[in-house]
Amino acid sequence: MLEIVRIPVLSDNYVWLVHEPQSKATMVVDPAVADPVLEAAAARGWTITDIWNTHWHPDHTGGNAAIKDATGCTITGPAAEFARIPTLDVQVTGGDTVKLGDVVADVWDVPAHTAGHIAYHFADDAAIFVGDTMFAMGCGRLFEGTAEQMFANMQQLATLDDATRVYCAHEYTLSNARFAVTVEPENDALAARLAAVESARAAGEATVPTTIGAERATNPFLRAPHAAELGRIRALKDAA
Ligand SMILES: [Zn+2]
């Protein structure tokens, strides 16, 4: 089993440190910055061997160069965004597989937040790293794509088992929950989740990762019946 560590950085980013104990390979998903990530790895006696980027935004790639300088790690990321992530060593696209030690991840194309956004799915570990595509009770903003594309991404995520853990890159949960209840005021599971998230955040606790099952019950973007509805509520959230 992979060991996965959450590293909170900047105002609300989560960087994920992923250790494969058989080979001792250690990977970082979307390092916004370098120092807290290097410190978290060193504290566990792990050496970073890989960085995997989901998309080009600086709060997902800003630590690439310094971590590579410190460790000599290999940086893997979306081929379609190579021009914007010049530190990439390995370019991948949907349908490719990437290995962390002996463990294989499938690469998914999930364009919409950015045009070349990808996700990494570890099927055997029931874990997916989605970057800024899905959040707890939310989805990413449509900076470089369409509601149709994000709807397709949500439908693809909905094919995963309920137990699959979803590692998103921001702590947006409380804001998303407060918006979601305005979209689905009759959803009891959502109301209960909002209350739980309010308590967790008041206690300073993280609310990520989430699971596909929790999102299936409470995420209005995953639950949207068609792309037009996803687009409508995404625009409302943007204006909120
Ligand atoms: Zn982003």
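**Strands 2, 3 and 4**

I started with strand 2 and strand 3, which pair in the antiparallel sense over five bridges. Note to self: this is a predicted model. I looked up one bridge by name and found that H19 has T26 in strand 3 as its partner. The two strands make a hairpin, with four residues between them. In that turn I checked K24, and its phi is positive, about 70°.

Next I went to the other neighbour. How do strand 3 and strand 4 pair, parallel or antiparallel? I get the parallel sense here, over three bridges. Across from M27 I find D50 of strand 4. I then followed the chain from strand 3 through helix 1 to strand 4, and I have this β-α-β crossover down as right-handed.

Is strand 3 buried or exposed? I count five of its five residues as buried, so the rest of the structure largely encloses this strand. I split the residues by face: A25, M27 and V29 sit on one side, T26 and V28 on the other, and both faces are covered.

**Helix 1**

I moved on to the helix of that crossover. Helix 1 spans residues 35–43, and I list V37, A40 and A41 as buried in it. Those three cover an arc of only 95° around the axis, which is why I place them on the same side of the helix. What do they pack against? I find strand 1 (3–9), strand 2 (13–20), strand 3 (25–29) and helix 3 (64–71).

I also turned the helix around. On the face away from the buried side I see the exposed residues D35, E39, A42 and A43. After helix 1 comes G45, and I noted its positive phi, near 75°.

**Rings**

I searched for aromatic pairs and got eight in the structure. I picked W52 and F122 to look at: they are stacked, 5.6 Å centre to centre, with 10° between the planes. I checked where they sit in the chain, and the pair links distant parts: W52 is in strand 4 (residues 50–52), F122 is in strand 9 (residues 118–122), and they are 70 residues apart. I have both W52 and F122 down as buried.

I then took F179 and F221, another stacked pair, at 6.3 Å centre to centre and 25° between the planes. F179 belongs to helix 5 (residues 173–183) and F221 to helix 8 (residues 220–223), so I read this pair as tying together parts that are 42 residues apart in sequence.

Are these two rings buried or exposed? Buried is under 20% relative accessible area. F179 comes out at 10% relative accessibility, so I count it as buried. F221 comes out at 1%, so I count F221 as buried too.

I went back to W52 and traced its ring pairs further. They put W52 in a cluster with Y14, W16, Y120, F122, F129 and Y167.

**Charges over rings**

Last, I looked for charged side chains over rings. What lies over the face of Y14? I found R6 there, at 5.7 Å from the ring centre. Y14 is also one of the rings in the cluster I had just traced. I noted a second case at W46: the charged end of R44 sits over its ring, 5.9 Å from the centre.

Technical notes. Residues are numbered from 1 along each chain as its sequence is written. This is a predicted model: local features need pLDDT of at least 70, side-chain atom pairs count only at pLDDT 80 or more; totals for chains, interfaces and linings use all residues. Side-chain values use heavy atoms; hydrogens and water are left out. Buried means under 20% relative accessible area, exposed over 50%, partly exposed in between (1.4 Å probe, protein chains only). The arc is that of the directions from the helix axis to the C-beta atoms. Contact means heavy atoms within 4.5 Å. Rings of Phe, Tyr and Trp (its six-membered ring) pair if their centres lie within 6.5 Å; planes under 30 degrees apart count as stacked, over 60 as edge-to-face and the rest as tilted. A charge sits over a ring if NZ of Lys or CZ of Arg is within 6 Å of the ring centre and within 35 degrees of the ring normal. Two strands pair if DSSP finds at least two bridges between them. A crossover is right-handed if, with the strands pointing away from the viewer, the path from the first strand over the helix to the second runs clockwise.
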